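Student: Please take a close look at one part of this model, and set out the details as one connected account.

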Amino acid sequence: MGLRRSLDEFFSGDAVGGIVLIVSAVAAMMVANSSLSGIYNGWLEMKFSVLLNGEGLSKPLILWINDGLMAVFFLLVGLELKRELLEGKLKNPRDVLLPGLAAVGGMAIPAVIYAAFNWGNAETISGWAIPAATDIAFALGILALVGSRVPASLKIFLLTLAILDDMGAILIIALFYTADLNVDYLMLAALPLAVMIWLNLRGAHRVAPIILLGTVMWVFVLKSGVHATLAGVLTAFCVPLKDRYGKSPLHGLEDGLSPYVFYLIVPVFAFANAGVVLKGIGTEEVFASLTVGIALGLVLGKILGVLGVVWLIVRLGWARLPYGATWLHMLGISALAGIGFTMSLFIGTLSFADATHMNEVRLGVLGGSLVAALLGFGILRTAPVPHVKTADKRDEPITPTDRHADHAPGSQASS
């Protein structure tokens, strides 16, 4: 019983998502630089096909992970976004103003810094969006390690900023990372989407038909040239928040998917994409414009973008600092927002296909995220302990690891 209780406490903690990602990334680097590298690369390049009468999909395993498994990741992100928009932290525009504008600054300035280092380089400028992302699980995991030294209001601020950051990343992928369009497949994708919208409007009780239709739409979207992970977001927005019986299919699906996404899909993605090959890396690779642009964008860009916008908004009197927070707290939170990892690596795979550039992407993302994590943790550990009342549990952010408990049958949704 003691071991079981310890395991339950471990997997219910905010830090576990970040720990799992770290282990996956370290494992990928160890394997990629060992005698197992040939097996590792061969596994990623292994072709897997789903064909009917010679027609269908035939892709390397790495693309099934990046296009297929990550569509499930974006399905969960979409469910979270819909819930927050309808009944959570994004419902009240006043509550969104400060973290929302901070999220915009935290995406724009890193992109500008990256572009400054890669301007005029046609081979690398396409990666401008890589340092714009924030990894929710990683950032909240590091914040959890700080403990009670951080006021609860800052956890809500960081979560809201990261959610809005995800929304921005989804828009960026849709607008700037779409290949040549095949209109015929795009029109076919509209058919299952129309049926899913109808099921959503009538408050469908079962989610299986929606998931099945979403899978069909995913195939059509993939063949249309639009990045297929967007099918995950569209499917999520077609899952009813409330069905005709008053229950929540959205909460149920979100709760069911969360452990698989954060303890299986995201670690598998990290293991497949974080394998930096260290052999042959010298000063030329470390100080390449691609590597430096990503790393400085994540570390310096996020701090300037998030903290700078917050300072401006507070100075103009449009909003106040989160309750109990100091400017030193905000500096630490701004640094944590520079942990890009999952989404940054994902955008990197959309930007570059060759091994040389992808190795520089991994080097910049992992290096920048590590520095951002250590910097944010160090600043928040030295910040003064907030002399405020402990927030009620209802004010705590819903994290990937405790969302399923808050929405369990018979419990009240925390949002």
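Within how many Å do the axes of α5 and α7 come, and at roughly what angle do they cross?

Tutor: This is a predicted model, in which local features need pLDDT of at least 70 and side-chain atom pairs count only at pLDDT 80 or more, while totals for chains, interfaces and linings use all residues. Residues are numbered from 1 along each chain as its sequence is written, and side-chain values use heavy atoms, with hydrogens and water left out.

The axes of α5 and α7 come within 8 Å and cross at roughly 50°; here axes are lines fitted to C-alpha atoms, for helices over the stretch in contact, and angles run from 0 to 180 degrees between N-to-C directions. Helices are DSSP runs of H or I with at least four residues, numbered from the N terminus. α5 is therefore oblique to α7, a word for the angles left over when those under 35 degrees count as roughly parallel, those over 145 as roughly antiparallel and those from 65 to 115 as roughly perpendicular. The crossing of α5 past α7 is right-handed, that is, the near helix is turned clockwise from the far one by less than a right angle. Among the residues that make the contact (heavy atoms within 4.5 Å) are L98, P99 and A103 of α5 and L161, L164 and D165 of α7. By class, the residues of this contact divide into 11 nonpolar, 3 polar and 1 charged, where Ala, Val, Leu, Ile, Met, Phe, Trp, Tyr, Cys and Pro count as nonpolar, Asp, Glu, Lys and Arg as charged, and the others, Gly among them, as polar.

The loop between α5 (93-118) and α6 (136-146) holds D135, and T134 is placed in that loop too. T134 is buried at 1% relative accessibility, where buried means under 20% relative accessible area with a 1.4 Å probe, protein chains only. Leaving aside neighbours within four places in sequence, T134 is in contact with residues including L161 and D165, both of which also belong to the α7 side of the contact with α5. The side chain of T134 also makes a polar contact of 3.3 Å with the side chain of K302; such a contact is a pair of N or O atoms within 3.5 Å, one able to donate a hydrogen and the other to accept it, and residues adjacent in sequence count only if both atoms are side-chain atoms.

D135 is likewise buried, with a relative accessible area of 5%, and a polar contact of 2.5 Å joins its side chain to that of T342.

Definitions and conventions: Helices (H or I, at least four residues) and strands (E, at least two) are DSSP runs, numbered from the N terminus. Buried means under 20% relative accessible area, exposed over 50%, partly exposed in between (1.4 Å probe, protein chains only).
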